[in-house]
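Look at the sequence and the structure below. The report that follows goes through selected parts one by one.

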Amino acid sequence: MHRFLLSLVLLVVPAPMLLAQASLSCPMRPSTLDAMRHCYRPLIIFSPSPTDARLKRQGAILDAAADDMMDRFVMLTPIIPDRQRYSAPLDTPYVVPSEREMQSIRARFHVARGKFEVLLLDEDGRILVRSDRPIGIARINTRIDDLPQRRIEMRRKDAY
């Protein structure tokens with residue numbers, strides 16, 4: 001019976017979201033940066049278009065290392081116009097904020113609408129990396145793995 005229920009859960013809940021939850025008290029689909037605090041490390045991608053080549057490139061980079069992103073509780077957060085045209089990554093945990101939240105995030109980080117920019121935040125909302133082009137996995141992993149909180153996470157018995 002337990003196997004059946006586990007199989008059912010695995011079919012219903014998308015794998016990236018099932019594995020990316022930092023703790024049971026964290027929302028699986030946080031709707032705001034505040035909801036991500038102390039749960040996830042947002043990777044915010046400001047893009048002038050949901051079809052921008054740089055946005056697609058960053059998504060492909062993350063998908064190629066989706067396990068790394070899940071292990072480090074990275075939550076891809078695109079800030080784009082016309083969110084209905086956004087093509088979500090296949091394996092990377094992500095959330096597309098509401099229009100109102102996107103405006104709030106743009107204002108908070110002072111990023112103009114037509115600009116491409118990538119920000120990696122820590123779980124407390126501090127900027128770890130800021131770039132005007134897609135960032136590679138090695139840079140993301142190294143920056144996160146240097147954090148004291150990540151070192152604690154890696155020592156846990158269930159750490160990957």
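## The loop between H5 and E2

Phe73 sits in the loop that links H5 and E2. In this predicted model, the phi angle of Phe73 is near 55°, which is a positive value in a residue other than glycine. Phe73 has a relative accessible area of 7%; because buried means under 20%, Phe73 counts as buried.

Arg72 is found in the loop between H5 and E2 as well. Its relative accessible area is 8%, so Arg72 is buried. The side chain of Arg72 makes a polar contact of 2.9 Å with the side chain of Asp145. Leaving out residues up to four places away in sequence, Arg72 touches Arg41, Asn141, Ile144, Asp145 and Arg150.

## Met70 and Asp82

Met70 belongs to helix H5. With a relative accessible area of 8%, Met70 is buried. Pro93 is 23 residues away from Met70 along the chain, and the C-alpha atoms of the two are separated by 7.0 Å.

Asp82 lies in the loop between E2 and H6. Its phi is near 55°, a positive value in a residue other than glycine. Is Asp82 buried or partly exposed? The relative accessible area of Asp82 is 33%, so Asp82 is partly exposed.

## The overall layout

The protein has 8 helices and 4 strands. Read from the N terminus, the order of these elements is α-α-α-β-α-α-β-α-β-β-α-α. The protein has 160 residues, and 44% of them are buried.

Contacts can also be sorted by how far apart the partners are in sequence. Among contacts between residues at least 6 apart in sequence, 60% join residues that are at least 24 apart.

## Helix H4

Helix H4 covers residues 53–64. Its 12 residues, at 1.5 Å a residue, should span 16 Å, and the C-alpha atoms at its ends are 16 Å apart, so the expected span and the model agree. At the start of H4, a side-chain oxygen of Asp52 comes within 2.7 Å of the backbone nitrogen of Arg54.

Which residues of H4 are buried? They are Leu55, Gln58, Gly59, Ile61, Leu62 and Asp63. These buried residues pack against two kinds of element: the strands E1 (41–46), E2 (74–79) and E3 (117–121), and the helices H5 (66–71) and H7 (137–145).

## The nonpolar core

In soluble globular proteins, nonpolar side chains tend to be buried together. Here the largest nonpolar core has 39 residues, and the members that touch the most others are Leu43, Ile44, Phe46, Phe109 and Ile140. At least two residues of this core come from each of H3 (33–36), E1, H4, E2, H6 (99–109), E3, E4 (127–131) and H7.

Ile140 can be followed further. Apart from its neighbours within four places in sequence, Ile140 is in contact with Leu43, Gln58, Leu62, Met69, Leu120 and Ile135. Among these partners, Gln58 and Leu62 are buried residues of H4.

## Glu123 and Gln149

Glu123 is placed in the loop between E3 and E4. Its relative accessible area is 12%, so Glu123 is buried. Not counting residues up to four places away in sequence, Glu123 touches Met36, Arg37, His38, Cys39, Tyr40, Arg41, Phe73, Gln149 and Glu153. Phe73, one of these partners, is the loop residue with the positive phi described at the start.

Gln149 is part of helix H8, residues 148–155. At 39% relative accessibility, Gln149 is partly exposed. Outside residues up to four places away in sequence, Gln149 touches Arg41 and Glu123. Gln149 and Glu123 are 26 residues apart along the chain, and their C-alpha atoms are separated by 9.0 Å.

## Cavities

How many cavities of 30 Å³ or more does the structure hold? There are 2 of them. The largest cavity has a volume of about 60 Å³.

The lining of the largest cavity includes Leu33, Met36, Arg37, Tyr40 and Pro42. Arg108 also lines this cavity, as do Leu121, Asp122, Glu123, Asp124 and Gly125. Glu123 thus appears again here, and among its contacts are the lining residues Met36, Arg37 and Tyr40.

Terms used: Residues numbered from 1 in each chain as written. Predicted model: local features only at pLDDT ≥ 70, side-chain atom pairs only at ≥ 80, totals over all residues. Heavy atoms only, no water. Expected span 1.5 Å × (residues − 1). Buried < 20%, exposed > 50% of the residue type's maximum accessible area, 1.4 Å probe, protein only. Contact = heavy atoms within 4.5 Å. Polar contact = N/O pair within 3.5 Å; in protein donor to acceptor, adjacent residues only side chain to side chain. Core = buried A, V, L, I, M, F, W, Y, C linked by side-chain atoms within 4.5 Å. 1 Å grid on protein atoms, 1.4 Å probe; cavity = no way out; pocket = protein on both sides within 12 Å on 5 of 7 lines; lining within 4 Å. Points joined across faces, edges and corners; volume = space filled by probe spheres on them.
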